[in-house]
Amino acid sequence: YYDTRKPKNFPPGPPWIPVLGSALHVHRLRKQTGYLYRATAELAQCYGPVVGLKIGKDRQVVLCGYEAIRDMLSRDDFDGRPQGVFYETRTWGKRRGVLLTDEEFWQDQRRFVLRHLREFGFGRRTMTDLVEQEAEQLVKAFQQKLEGFQVQKMVTVFPRRYFLTALKTEQFSTFLLDSSISFTSCNGYTDTTEYRGVLMEYASHQGEVELFLCSMDAGVVMSMHNAFNVYILNTLWSILAGIRFSHSDAELKKLQSLLTELFANIDMVGCLFSQFPLLRFLAPTLSGYKQFMYTHQQVWIYLKAELDNHKATFEPDKLRDFMDAYLKVLSSNDKKPSFTESQLLAICMDLFMAGSETTTKSLGFCFLYLLLYPDVQRRAQAEIDAVVGRDRLPSLNDRPKMPYMEAIVLESVRMFMGRTFSIPHRALKDSELLGYYIPKDTMIICNFNGTLMDKDIWGDPDVFRPERFIDAQGSIFIPDQYTPFGFGKHRCMGETLAKSNVFLFTASLLQSFNFSIPPGSLPPTTDAIDGVTPSPKPFQALVTPRAVG
Ligand code: HEM
């Protein structure tokens, strides 16, 4: 009976039943809508922007509107992070790290991490160099896959009259760039060679049409959703531990695939064993506990080996990276008790998890939408050609002169975070939010779908339209409601790095290549894979070099 009673003036929501709370109700909605963020958005339609739930042992409040989210994120009362098995087993049974800790412990550690990440690269020249270096490697890797392939000017001069006739008789299947076309005979109408290819550019002048066509076999079809992981991780890991991973590093690949799988099986708000902790013992596999532990153990082993390596080569006067800076503090006598070796490992794990998945997935969504919106791709390429040209790679210094590319970054992150939640907060004491009573220790979650995909704010939220971030003067304009990195004291620590990566990786690839839907394939779906953070479903692109400008 006690389990079914809601605290007085607790935010409205579905009824609570013993032990399960509102879990079944939410589960049903999730099945219907396909996603947890949609299930809670539906609840917000019914109960308002502040929804009260109980999932197993967890009392949760989900916020679904800008006003509620802004109020919560800007108040110290809600600066806690959730407690419990889920948040402790990941770091050896005690809350450690910077992602899921709070109060004085977190403040000291966050301050240290921010200061030293800045020292070794964040927001400084070193970061610029690192991101530019990785972008260059990424372009090289794409070029290698396309090696030996040249844009073929297969048909140069084409009598316009014949060309138009061919179009009318549908010898050309379509007249869109990046589409596949095939036709027979052109040179003087006697050659009966069959031409099949992807139309990359055309120019019509003086009664003639010039076609730039690349052979379909020569373009390379590549998986795009996972094309960026290692390069993204390298920008972060160089700063943290001075390491650059090779693309073929088998151990890293194994680790990343374990993490990807784990992230798809748990949610931002926990999973079965965190809400029903007894299930760890009764059903370790079904409740996700076994997989959670196994993946974390693998990450610990990996990080510990690197830490041992650093300890063996550590020189207090020659600090190479963030790990060294932390080791130096550990060796001093006046360090605060929160500075420990396990805390260093937990910070590395947090940054490893928070840093690589998020940026990689933002890039995944970016290229998914670039395939679906070829006009956006062309406009970006026109800006790249005008500002950078083709003789050198884009750099982060070009950024202020490239508002359209900057807008693509903002729009890609909106598409990514508009399908998920922020990291949960916790009420540090009994509080009030938009007139409701929030008891101490309640978990509070922002559903970013309610702001980043709100029709009233964006008009056409499902459309990939970077122009929405550009004002009448052609400058970047960011509405207040755009908060994919959170705000307040827990604001994301990697925003600068993440945006720089998405900007430069995208600009560098678009400078050299066109990305299109492979001929004969359906357009990729915009449905995502649910999980801690959403991922685009696996998709492929036909990558062809751009014709020389
Ligand atoms: C597109 C990429 C990214 C997005 C959308 C993103 C988003 C977020 C959000 C929404 C939060 C939670 C804020 C809150 O709880 O109020 C957060 C926190 C955090 N992010 Fe990011 N993030 C991204 C990339 C990164 C990167 C590259 C790093 C690596 C340095 C990083 C490190 C962190 C950390 C350490 C926190 C916890 C901050 C704290 O609680 O004090 N993030 N991020």
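Start by selecting residues 374-387, helix α15: its 14 residues reach 20 Å from the first C-alpha to the last, close to the 20 Å expected at 1.5 Å a residue. Keep in mind as you click around that this is a predicted model.

**Stop one: the two sides of α15**

Which residues of α15 are buried? Colour Val376, Gln377, Ala380, Gln381, Glu383 and Ile384, and you have them. Now turn the view until you look down the axis of α15: the buried residues fall within an arc of 160°, so they line one face of the helix. Swing round to the other side and pick out Asp375, Ala382 and Ala386, which are exposed.

What do the buried residues of α15 pack against? Show α14, α16, α19 and β12 (513-516), and you'll see their packing partners. Before you leave, click on Gly389, which follows α15 and has a positive phi, near 80°.

**Stop two: around the ligand**

Next, bring up the ligand and the 27 residues around it; Gly355, Gly486, Cys492, Gly494 and Ala498 come nearest. The elements that give two or more residues to this shell are α14 (341-372), α16 (403-417) and α19 (495-512). Which element gives the most? That's α14, with seven residues. Try colouring the shell by residue type: 15 of its residues are nonpolar, nine are polar and three are charged.

**Stop three: Leu345 and α12**

Stay on α14 and select Leu345, which lies in this helix. Is Leu345 buried or exposed? Leu345 has 22 C-beta neighbours inside 10 Å, and 20 are enough, so the residue counts as buried.

Now look at what Leu345 touches. Leaving aside neighbours within four places in sequence, its contacts are Trp300, Leu303, Lys304 and Leu307. Put a distance label between the C-alpha atoms of Leu345 and Trp300: they are 7.6 Å apart, although 45 residues separate the pair along the chain.

Then select helix α12, residues 289-313. At 1.5 Å a residue, its 25 residues should span 36 Å, and the end C-alpha atoms are indeed 36 Å apart. Highlight Tyr289, Phe292, Thr295, Val299 and Leu303, the buried residues of α12. What covers them includes α9 (250-265), α10 (272-275), α11 (279-282) and α14.

**Stop four: strand β2 and its partners**

Time for some strands. Select β2, residues 58-63, which is mostly covered: six of its six residues are buried. In a regular strand, side chains alternate between the two faces of the sheet. Show the side chains here: Asp58, Gln60 and Val62 point one way from β2, while Arg59, Val61 and Leu63 point the other way.

Add β1 (residues 50-55), which pairs with β2 in the antiparallel sense over six bridges. Find Val51, and opposite it in β2 you'll see Val62. The two strands form a hairpin with two residues between them, and Gly56 in the turn has a positive phi of about 60°.

Which way does β11 run relative to β2? Select residues 443-446 to check: β11 and β2 run parallel, joined by four bridges. One pairing to click on is Val61 with its bridge partner in β11, Ile444.

**Last stop: zoom out**

Show the whole chain, which has 19 helices and 15 strands. Of its 549 residues, 43% count as buried. Among contacts with a separation of 6 or more, 70% come from residues 24 or more positions apart.

How values were computed:
Residues numbered from 1 in each chain as written. Near = placed C-beta within 6 Å. Nonpolar A, V, L, I, M, F, W, Y, C, P; charged D, E, K, R; others polar. Buried ≥ 20, exposed ≤ 12 C-beta atoms within 10 Å, placed from the backbone. Pairing = 2+ DSSP bridges. Expected span 1.5 Å × (residues − 1). Arc of directions from axis to C-beta. Contact = placed C-beta atoms within 7 Å.
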